[in-house]
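Work through the exercises below with the structure in view. Each task is followed by a solution in steps.

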Amino acid sequence: MLRSPTSSINPAAPAAKHKDMQQTANRPPAPMSASVAGHAPLLMALLVFVLTLLVTFGAWSSAQRNAEAQLHEAFDYRTRDMGYAIGRRLLVYEQVLRGARGYLRGSVDLSRAQFAEYYEVLRLDQSFPGLEALAVATLIPPGALAAHEDKVRAEGFPNYRVHPADGGQPQTAISHIEPFSARNLRAFGYDMYSEPVRRAAMAAARDSGQAALSGKVVLVQEGGASLDAGFLMYLPVYRSGRDVDTVEQRRTALLGWIYSPFRMKDLMRGVGGIAAPQLDVEIYDGDHMAPDALLYRSPGADRAGVPRFSTATRMEMAGRTWTVRMASSASLEATLDHDRPQMVAATGVVLGVLVSLVVWLLAGSRRRALQLAQAMTLELRESHDRIAADERRFKTILETAHDGFVAIDRQGRITDWNAQATRIFGIDAAQAIGSPAELLLPEEKRAAFRTTFDAFARGGAGTSDTTRPALRITARCWAKRASASVTAWPTVTTRPYSGSLRQA
C-alpha cells in the first residue's frame, strides 16, 4: 500500500497492547499437567488390561465350574451304577438260592453226588464270581446228633463230626457243600448256629421265610489263615406239605437252610465293570462306618488326601443294612478337563495384551493429535490477535493521517474510508463504503477512471491523476488542487487496492 508521507502516532497502541496482555493472562490453564497427560495413554492401556483380566478371570472361573460340574455328573453316574450293581449281584445270588431250594423239594436228605451234579450243571463257580460255595445246613433235632454223625460216616467220611462240640441247642451241621474240595472241606460238619452272628441271620431267615444276610464274619473256609471279611446268605428249607403261614409253623416245619458264603473282596471283583477303578469304595456292615464293621475297602480308598467328591448311601438287602461310602478315585479326578480353562485363560491374557497395546497406540496418537491441534489453535489465535492488533494500529494511523485514504476491492467498490477522506469529499464513511469508486469523480471522468483501474487491476501498475475541476462536484470543501494515486496491497484481502489523496 502507498500512503501519504504524513503519518501520526497511534495513541491507542498502548491500550491495545495492554488489552492483548490481559486476554493472554485471562486464558484458562491447561486441563492437566504435561506429565499426567504424557502418562494418560499408558494408564488407559493398563486400565483396559486390568478389565480384560477381570473378564478373563470370570470366563476361566466359569470354565472351571463347568469342568467341575461335568466331573461331578460322571461321579454321580458311577456311584448310582455301583450301588445298582451291588444290589443286582445280591439279588442274583438270592435267585440262585431259591432255585436250589426248589431243587431240594422240601427235603435236605439227598446224596452228595446228586447235589454235586446240580452244582456242576449250573456252573455257579464260572457264572457267579464271588460265590464261594453252595451248601446245605441241616437242622439236627435234639438227641439226634450221634445218629447224624453215624450216617455221614457210613457214607464214606469216617472222620466226620459236628464241630464245635459244645454248640448248644439246637444244633446244625453243614452236610452238603459244593465244590467239595480244598478250602470248603474246612466247613464240612460246622455248626453255624453256634456262632452268634450266623445264628442271628439263620433265625431271621427261619422266622421270615425270606433270604437273610449275616453280619460281618470270617468264613470257616479261611481256616484262621486270613482275616478277610465275609458274610453269608441264608434261605430256609421247610418240610414239604407243612403250613408255613406263622412264625411257629415255620419253626416247626424247618429242616435246614440252603446258603452261600461270600468273601467280600471276591464278591466286589467285577462289580461296577470297567468304571470300578474310578471309585474308591468302602462297605460297612450296619448303619455306622465303624472300623470294626468294615466289610470291604477298595485298593485306593486309603490314599492320602481328601477326595474331591464323596457320598455315603445305605442299602437294604435281605434284611440287612449296608453303608456304602464311595469317593472319587485318583483316576476319575485325573479326567478333570484342565485344558479348556487354561485355553480360556491364555486366550484372555493374549487378547488383553493386544487390546491394551491397540488402546495405548490409539490413545498416544490421539494425544499427539490433540497436542498438535492445541498448538495450531494457539498459533492461529496468536496470529489472529496479531492481525487484529495490526488492523487496530493501522486504522488508528489512517484515522489520524493528514491524507485521505480510500480502499477499494477488485470490483472497484469502496471498502475503507478515513476521516480525512470525509473532510475532502464531504461524505461520511457510511455513505461511501460499498459505493463504486468512480462515483467520487465527475461523470466525464468516470469512464476513463474505470478503464485505467481495470488496466491497473490486470497489470498491477499505472496511475490516475485528477485535478481540482475534476473533483469539484463531489469535493465541495476543497479550495486547492488535489492528486490521487492507487496501488495494490501485497496480500489478497477485501481491499486489495488503496488510494491516498492529498490537497495540492
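**Exercise 1.** Find the order of the four strands in the open sheet and state which strands lie at its edges.

*Solution.* In this predicted model, the strands of the open sheet follow the order S7-S6-S9-S8, with antiparallel pairing. Next, look for strands that pair on one side only: these are S7 (294–297) and S8 (310–317), the edge strands. Neighbouring strands of the sheet are turned against each other by 20° on average, direction ignored.

**Exercise 2.** How many bridges join strand S6 to strand S9, and which residue is the bridge partner of Asp280?

*Solution.* S6 covers residues 279–285 and S9 covers residues 320–328; seven bridges join these antiparallel strands. Asp280 has Ala327 in S9 as its bridge partner.

**Exercise 3.** Locate the salt bridge between Arg153 and Asp150 and place both residues in their helix.

*Solution.* The N to O distance between the two side chains is 3.8 Å. Arg153 and Asp150 both belong to helix H5 (residues 145–154); because they are three residues apart, about one helical turn separates them. Arg153 is partly exposed at 32% relative accessibility, and Asp150 is partly exposed at 46%.

**Exercise 4.** Which parts of the chain does the salt bridge of Arg314 with Asp287 link, and is Arg314 buried or exposed?

*Solution.* The closest N and O atoms of Arg314 and Asp287 are 4.0 Å apart. Arg314 sits in strand S8 and Asp287 in the loop between S6 and S7, so the pair links distant parts of the chain, 27 residues apart. Arg314 is exposed, at 56% relative accessibility, whereas Asp287 is partly exposed, at 39%.

Terms used
Residues are numbered from 1 along each chain as its sequence is written. This is a predicted model: local features need pLDDT of at least 70, side-chain atom pairs count only at pLDDT 80 or more; totals for chains, interfaces and linings use all residues. Side-chain values use heavy atoms; hydrogens and water are left out. Two strands pair if DSSP finds at least two bridges between them. Helices (H or I, at least four residues) and strands (E, at least two) are DSSP runs, numbered from the N terminus. Axes are lines fitted to C-alpha atoms, for helices over the stretch in contact, and angles run from 0 to 180 degrees between N-to-C directions. Buried means under 20% relative accessible area, exposed over 50%, partly exposed in between (1.4 Å probe, protein chains only).
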